[in-house]
Amino acid sequence: MAVIKVGVFGAYGRMGSEVVKAVEGAADTELVAAVDDPAERGAVRGADVVVDFTHPDEVVGNIRWLAENGIHAVVGTSGFDDARIAEVRETLAANPGPNALIAPNFGIAAVLMMNFAAKAAPYFESTEIVELHHPNKADAPSGTAYRTAELVAGARARAGAEPMPDATTSEIPGARGADVEGVRVHALRMTGMIAHQEVVFGTHGETLRIRHDSMNRESFMPGVLLGVRRVAGLPDRVTVGLEPLLGLD
Ligand SMILES: NC(=O)C1=CN([C@@H]2O[C@H](COP(=O)(O)OP(=O)(O)OC[C@H]3O[C@@H](n4cnc5c(N)ncnc54)[C@H](OP(=O)(O)O)[C@@H]3O)[C@@H](O)[C@H]2O)C=CC1
Ligand SMILES: O=C(O)C1=N[C@H](C(=O)O)C[C@H](O)C1
């Protein structure tokens, strides 16, 4: 059995420490370096794949460094919009060899929640997203909520949906949440929470709620290991989302 050599960026953080345990616990992966300081990036030289769970301000620089050093990147760090994804695509194009997999959420159930939300969206006049996270989270809205809003907006556009009804003319700033491609996203930061999201749909006489809850951070690890195992063989230099690895559209 071929063993994949893995480095971890953000190794002492909430997610990175789980990744270290998962990589050490799997029979087909070997931990070569656990890095929590950008000055020590060089320790991952010799790795086939580096997993990044760091900070939205750091991650694009980390991916660039990995691309320049010929190492595949499996990225969970949030904070990616279209401009950042475009920057990563340019970086990878300039450095032939390694691939990057950027997954807004490595939870298999979370990926299914996003997929189901996109499928449901064309059938409802209104869709809004409520995400709930622990109060130590740096970014809002969450990467998962942002990605869900993009998927919902895309599905609505392809179906020729009208803009969602909303008569608000007077508003305390923020009361209606953030507007992501026409989809309202509301972010709660609560002690006691880990990572949760509800996509709320409404039409005449009916509503639907699709809810996902991460109960612990270990739950993300099967998705992370799947990414580690598959990133080198992905057909595209940059893959966004775990969907293609799960056979989802
Ligand atoms: N895709 C997914 O499924 C998931 C994604 N996430 C995302 O992962 C990211 C990390 O979350 P979380 O683990 O809670 O955050 P933490 O703050 O607990 O961990 C981040 C760690 O990264 C370190 N770090 C910061 N910059 C660098 C760098 N350039 N190189 C190496 N290490 C660095 C930090 O060190 P220091 O504190 O000293 O700065 C810290 O120890 C967030 O963006 C979060 O949204 C989280 C859960 C699931
Ligand atoms: O910061 C977190 O905790 C999480 N971040 C990711 C996000 O921004 O969507 C994934 C998950 O929600 C946990």
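In this predicted model, ligand 2 is surrounded by Ser78, Pro104, Asn105, His133, Lys137, Ser142, Gly143, Thr144 and Ala195. Sorted by class, six residues of this shell are polar, two are nonpolar and one is charged.

Ligand 1 has 26 residues around it. The closest are Gly10, Gly13, Met15, Gly76 and Ser78. Ser78 is also listed in the shell of ligand 2. Helix H1, spanning residues 14-25, gives the most to the shell around ligand 1, with three residues. By class, this shell holds 11 nonpolar, 11 polar and four charged residues.

An open sheet is formed by six strands in the order E2-E1-E3-E4-E5-E11. The pairing is parallel. Strand E2 (29-35) and strand E11 (238-240) stand at the edges, each with a single partner strand, so one side of each has no neighbour in the sheet. On average, neighbouring strands are turned by 20 degrees against each other, direction ignored.

At one of these edges, strand E5 (residues 100-102) is joined to E11 by three bridges. The two strands run parallel. Leu101 stands opposite Thr239 of E11. Helix H2 (residues 59-68) lies across four strands: E1 (4-9), E3 (49-52), E4 (72-75) and E5. Relative to E4, helix H2 runs at about 160 degrees.

Further pairing involves strands E6, E7 and E8. Strand E6 (residues 126-133) pairs with strand E8 (residues 183-189) in the parallel sense, over six bridges. Within this pair, Leu132 has Leu188 as its bridge partner in E8. Strand E7 (residues 178-180) also pairs with E8, but in the antiparallel sense and over three bridges. Here Ala178 is bridged to Val185 in E8. The hairpin of E7 and E8 has two residues between the strands. In this hairpin, Glu181 takes a positive phi near 50 degrees.

The largest nonpolar core has 59 residues. Val8, Val49, Val50, Val51 and Val224 have the most contacts inside this core. Helix H4 (residues 108-120) supplies the largest share, six residues. Such grouping follows a general trend: in soluble globular proteins, nonpolar side chains tend to be buried together. Leaving aside residues up to four places away in sequence, Val224 touches Val19, Ala22, Val51, Val74, Gly76 and Phe106. Among these contacts, Val51 is itself one of the core residues with the most contacts. Gly76, also touched by Val224, is one of the closest residues to ligand 1.

Notes:
Residues are numbered from 1 along each chain as its sequence is written. Chains are lettered from A and ligands numbered from 1 in the order in which they are written. This is a predicted model: local features need pLDDT of at least 70, side-chain atom pairs count only at pLDDT 80 or more; totals for chains, interfaces and linings use all residues. A residue is near a molecule or strand if its C-beta atom, placed from the backbone, lies within 6 Å of it. Ala, Val, Leu, Ile, Met, Phe, Trp, Tyr, Cys and Pro count as nonpolar, Asp, Glu, Lys and Arg as charged, and the others, Gly among them, as polar. A nonpolar core is a set of buried Ala, Val, Leu, Ile, Met, Phe, Trp, Tyr and Cys residues joined through C-beta atoms within 7 Å. A residue is buried if 20 or more other C-beta atoms lie within 10 Å of its own, exposed if 12 or fewer, and partly exposed in between; C-beta atoms are placed from the backbone. Two residues are in contact if their C-beta atoms, placed from the backbone, lie within 7 Å. Two strands pair if DSSP finds at least two bridges between them. Axes are lines fitted to C-alpha atoms, for helices over the stretch in contact, and angles run from 0 to 180 degrees between N-to-C directions.
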